[in-house]
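Me: I should like to learn how to read a structural model of a protein. May we go through one together, feature by feature?

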Amino acid sequence: MTAAAAVSMTAAAGGTAVAAPDRATGGGAGARTTAAAIPAISWGACQGKVPAGMECSTITVPIDYSSPAAGTTTLAAARIPATDKAHRIGVLMINPGGPGESGVSALPTFAEGMGPQVRAKFDIVAIDPRGTGGSAHVNCSRPWWVLPVLPAPSPVPTTQDQINQQNAWDAHQRGNCKASGGALLDHVSTADNARDMDAVRQSLGEKQISYYGVSYGTIVGQTFAAMFPSRVRAIVLDGTIDAKALTGPAHGLPAQVRTGQDAGMSQSIRSSMAQCDKAGPKACALAPNSLKKYDTVRKLMHTKPIGVPGLQLTEGYLDTAFGFQSYNPRNFPSMASLVNAIYRLYTAPLDPATYAAVLNAVVATLQSFGVLPAGMGSNYSDYGEIIGLGGGQQVACADQTSPATSVFPAVAAQREKRYPGGGSWVWGYSQCSQWPGSSASSYRGPWNTTLRTPPLILNTTHDPATPLAGALRTQQTIPGSRLIQVPGWGHGVIGRSTCAQAKTSAYFINRTLPVDGKCAIDKAFKVYGVS
């Protein structure tokens, strides 16, 4: 779904001036904001199939808020107006995370997940963060004079050849961004996104906004609250990342290790195996002894990779598949079936025809999961020319501190021993080392923001991407914040707990914080249907 609008917002005389942040410390020169003329948003029809009543716009904002005359960039925006206009409270902005996920595309799902009470009283608004989605992108395409480079033959490199290829691929991506990125490359941080959110707030004529962010959207929310605390009405952080760990000193560790994301992935996968065995083979193809089979498959894929044309399927592909699929608890049965099929390839006495059929099914499943691209033909080495550096990676590299490239192999090996299966997080942003974009406009603390209405924090107890530990640390950091834990699996709480939705609705409408506690996950999202 695209976010093209009938009417474009442009900077013009007589527009609304964007004020400086309440707190501009911690982010370098770019944290300062000079007033920029932003007129009111004009909403129009959206392109593509969208829910009735959803409206879109294209917004023009400064590339660099400290120098508004230096150039502009465009943002895609959308809203679903309050259904009860007579009792409308204000604007609720959402961000689905990523970084780099389209807020415009996620808006209908988020509006549904908010529940009818919130939809009645709030205009729910989303933007595609600069550099992503329907907003103007940073051009990191390969210049014609640069020869192509293939990525490492495993998404989690372990051998020296794989590591060398990963380093070459990372350098290739950085070089492409440096050669083609332009001015926007230096201004795609989450702090720039927060400034855009404040520009949208003012253009809508609102003194304050409410906010709901999931995953990396919790970094967006914490950044907006830290930079513009007086402009926050209420804020929910769902699937929470520890901002201090992400943006603080690297101490020789990749950011995703500091935030515990590799540990969270490993814990989520391994704990789900007990649910598999509890449910039995009718609900989970890997039962019984699912954890033992899973560990066996990973070891065999490491020592004896599965050969397909142009590619060796190592355990890194399985780890990446879990990384993609474990966000939704409903995907665990299909993941168990994949592991079971690979287990059969290694251990079952299959005749050649049956082996080929099972292998083709494994490849097709990896393609359907997005681990291998579909429609490539039979030569999987074409993969390198299909994938590239997305806008979300550019945002992450602008925000986080990253250690030297040389530390990744040793750290990855150490973490694999401690947290098997979490390696895809260790290497996830290795290209951020020696990143060519400037971080001058980034915000990197302080994060102990005092708000009139402190945040409500939500987290599942077995979140694979934002482990509960990050939510607990964030609660310790932000004064007065409250935490609702949802025992269960999957990434994010929105739309998966009727109890949490009720508490969120009461919080947004009345600005009353619940006491710390727990909410049950809805039956439809229990892994393998068991408690």
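Reply: Let us begin with a term: pLDDT is the predictor's confidence in each residue, from 0 to 100. It applies here since the model is predicted. Over residues 25-32 the pLDDT stays under 50.

Me: What is the mean pLDDT of the protein, and what share of its residues reach 70 or more?

Reply: The mean is 89, and 90% of the residues reach 70 or more. Residues 1-15, however, have a pLDDT below 50.

Me: How many contacts does the model have for residues 1-15 and for residues 25-32?

Reply: The general idea comes before the counts. Where pLDDT is low, the predicted coordinates should not be read in detail. In this model, residues 1-15 have 47 contacts beyond near neighbours in sequence. For residues 25-32 there are 22 contacts beyond four places in sequence.

Me: Let us turn to the strands. How many bridges join strand 6 to strand 7, and in what sense do the two run?

Reply: In a regular strand the side chains alternate between the two faces of the sheet. As for the pairing here, strand 6 (residues 90-95) is joined to strand 7 (residues 122-127) by 5 bridges, and the two run parallel. Strand 6 also pairs with strand 8 (residues 209-214), again in the parallel sense, over 4 bridges.

Me: Which residues stand opposite Ile-94 in strand 7 and strand 8?

Reply: In strand 7 the bridge partner of Ile-94 is Ala-126, while in strand 8 Ile-94 faces Tyr-212. One may continue from there: Tyr-212 stands opposite Val-236 in strand 9, and Val-236 has Leu-456 as its bridge partner in strand 12.

Me: How many bridges support the pairings of strand 9?

Reply: Strand 9 (residues 232-238) pairs with strand 8 over 6 bridges and with strand 12 (residues 456-462) over 3 bridges. Both pairings are parallel.

Me: What lies between strand 8 and strand 9 in their β-α-β unit, and what is the handedness of that unit?

Reply: Helix 5 (residues 216-227) lies between them, and the unit is right-handed.

Me: Are strand 6 and strand 9 buried or exposed?

Reply: In strand 6, 6 of 6 residues are buried; in strand 9, 7 of 7 are buried.

Me: Why is Pro-116 classed as exposed rather than buried?

Reply: A residue counts as exposed when its relative accessible area is over 50%. Pro-116 has a relative accessible area of 56%, and therefore it is exposed. Pro-116 belongs to helix 2 (residues 116-121). Its C-alpha atom is separated by 8.9 Å from that of Thr-83, a residue 33 residues apart along the chain.

Methods:
Residues numbered from 1 in each chain as written. Predicted model: local features only at pLDDT ≥ 70, side-chain atom pairs only at ≥ 80, totals over all residues. Heavy atoms only, no water. Buried < 20%, exposed > 50% of the residue type's maximum accessible area, 1.4 Å probe, protein only. Pairing = 2+ DSSP bridges. Right-handed = clockwise from strand over helix to strand, strands pointing away. Contact = heavy atoms within 4.5 Å.
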